[in-house]
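Biologist: Please choose one part of this model and describe it closely, together with what surrounds it. I should like one connected account, with each criterion stated where it is used.

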Amino acid sequence: MTTNSLDSAKARPMLGKKSPERSVTEVRLVEAAAQLFARHGFKATTTREIAQLAALNEATLFRYFPRKPDLFLAALESHLNRVKFSHDLQTSLVNDDDPEVVLPKLVSFFLNVLNTQPELRSLLHVAGFELPEAQKLIREHLSPIFDTLCAYFKRSSARKAICKIDPQLAAFGLLGAVSAHHLLRGVFASREASQAPAADRPELYVSLWLHGLMPQQQFTMDPCEGAVSASL
């Protein structure tokens, strides 16, 4: 293990033992880092710029975060910690409420994260393209949410509340549809349409997905023609 790796390994366990004053300093650094990393990316952001935004000197920054990646991971983790199911949604998932009840809550949850945490969206993008070592942290925080969704869709399929579908496909599909629409509508839609309140109405997504998930609608694909047909 290199000296830098040792320093990095020692840095995080020490965070909980710092004085209140140092904890405030750490928060300032992490918040400044999140802003700049989200705005400019990992490589284009310097530790000097982060220290300046936090109104601190660079030497102080390195006492808390020996490596620049340590600071990025701390910034990312601070935002990932805010992604939590509401008690109401957790209860509905555990109780296996019907999809008509659960899907609106799920879509509202996804939209709330997208609308209230723009920095998280950017940090995840940066992590994916510039900092592969962040993937483990992302999995640790988001895998429990994804696993809970998969388990719900699997149980719903088993009790025939939805059609027979791969639970991962259902979970990824719902999340992907909401997040992709949220991102791409600003690119392809007119300014008025992209800012319309209707674009963030959960029932619009739910209506689309319930039509695809309900068991009375079965899709078959002709392997020769490559055509999809629906039998109601």
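**Leu149 and its surroundings**

Modeller: Leu149 is buried, its relative accessible area being 4% (buried means under 20% relative accessible area, exposed over 50%, and partly exposed in between, with a 1.4 Å probe and protein chains only). The model is a predicted one, in which local features need pLDDT of at least 70 and side-chain atom pairs count only at pLDDT 80 or more, while totals for chains, interfaces and linings use all residues. Residues are numbered from 1 along each chain as its sequence is written, and side-chain values use heavy atoms, with hydrogens and water left out.

Leu149 belongs to helix α9, residues 135-158 (helices are DSSP runs of H or I with at least four residues, strands are runs of E with at least two, and both are numbered from the N terminus). Once its neighbours within four places in sequence are set aside, Leu149 is in contact with Phe85, Leu93, Leu106, Phe110 and Ala171 (contact means heavy atoms within 4.5 Å). One of these partners, Leu93, lies 56 residues from Leu149 in sequence, yet the two C-alpha atoms are 7.8 Å apart in space.

Two of the other partners, Leu106 and Phe110, lead to the packing of α7 and α9. These two helices pack at an angle of about 160°, with their axes 13 Å apart (axes are lines fitted to C-alpha atoms, for helices over the stretch in contact, and angles run from 0 to 180 degrees between N-to-C directions). The helices α7 and α9 are therefore roughly antiparallel to each other (under 35 degrees counts as roughly parallel, over 145 as roughly antiparallel, 65 to 115 as roughly perpendicular, and the rest as oblique). Their crossing is left-handed (the near helix is turned anticlockwise from the far one by less than a right angle; clockwise would be right-handed). From α7 the contact is made by Pro99, Val102, Leu103, Leu106, Phe109 and Phe110, and from α9 by Ile145, Leu149, Tyr152 and Phe153. By class, the residues of this contact are 10 nonpolar, no polar and no charged (Ala, Val, Leu, Ile, Met, Phe, Trp, Tyr, Cys and Pro count as nonpolar, Asp, Glu, Lys and Arg as charged, and the others, Gly among them, as polar).

The partner Leu93 leads to α6. Helix α6 (residues 87-94) and helix α7 (residues 99-116) have axes that come within 10 Å and cross at roughly 140°. That angle makes α6 oblique to α7, and this crossing, too, is left-handed. Asp88, Leu89, Ser92 and Leu93 of α6 meet Val101, Val102, Lys105, Leu106 and Phe109 of α7. Here the residues divide into six nonpolar, one polar and two charged.

Between α6 and α7 runs a loop that holds Asp96. Phi of Asp96 is near 55°, a positive value in a residue other than glycine. Most residues other than glycine have a negative phi. Asp96 is partly exposed, at a relative accessible area of 22%.

Aromatic rings are the next topic (rings of Phe, Tyr and Trp, the last by its six-membered ring, pair if their centres lie within 6.5 Å; planes under 30 degrees apart count as stacked, over 60 as edge-to-face, and the rest as tilted). By this rule the count comes to seven aromatic pairs. In one of them, the rings of Phe109 and Phe110 have centres 5.6 Å apart and planes at 50°, so the pair is tilted. Phe109 and Phe110 are both buried, and both belong to the α7 side of the contact with α9.

Beyond Leu149, helix α9 also contains Lys154. Lys154 is exposed, with a relative accessible area of 58%. Its C-alpha atom is separated by 7.5 Å from that of Asp166, 12 residues apart along the chain. The loop between α9 and α10 (167-188) includes Lys160. Lys160 has a positive phi of about 65° although it is not a glycine, and at 67% relative accessibility it counts as exposed.

Thus, in helix α9, Leu149 is buried, whereas Lys154 is exposed.
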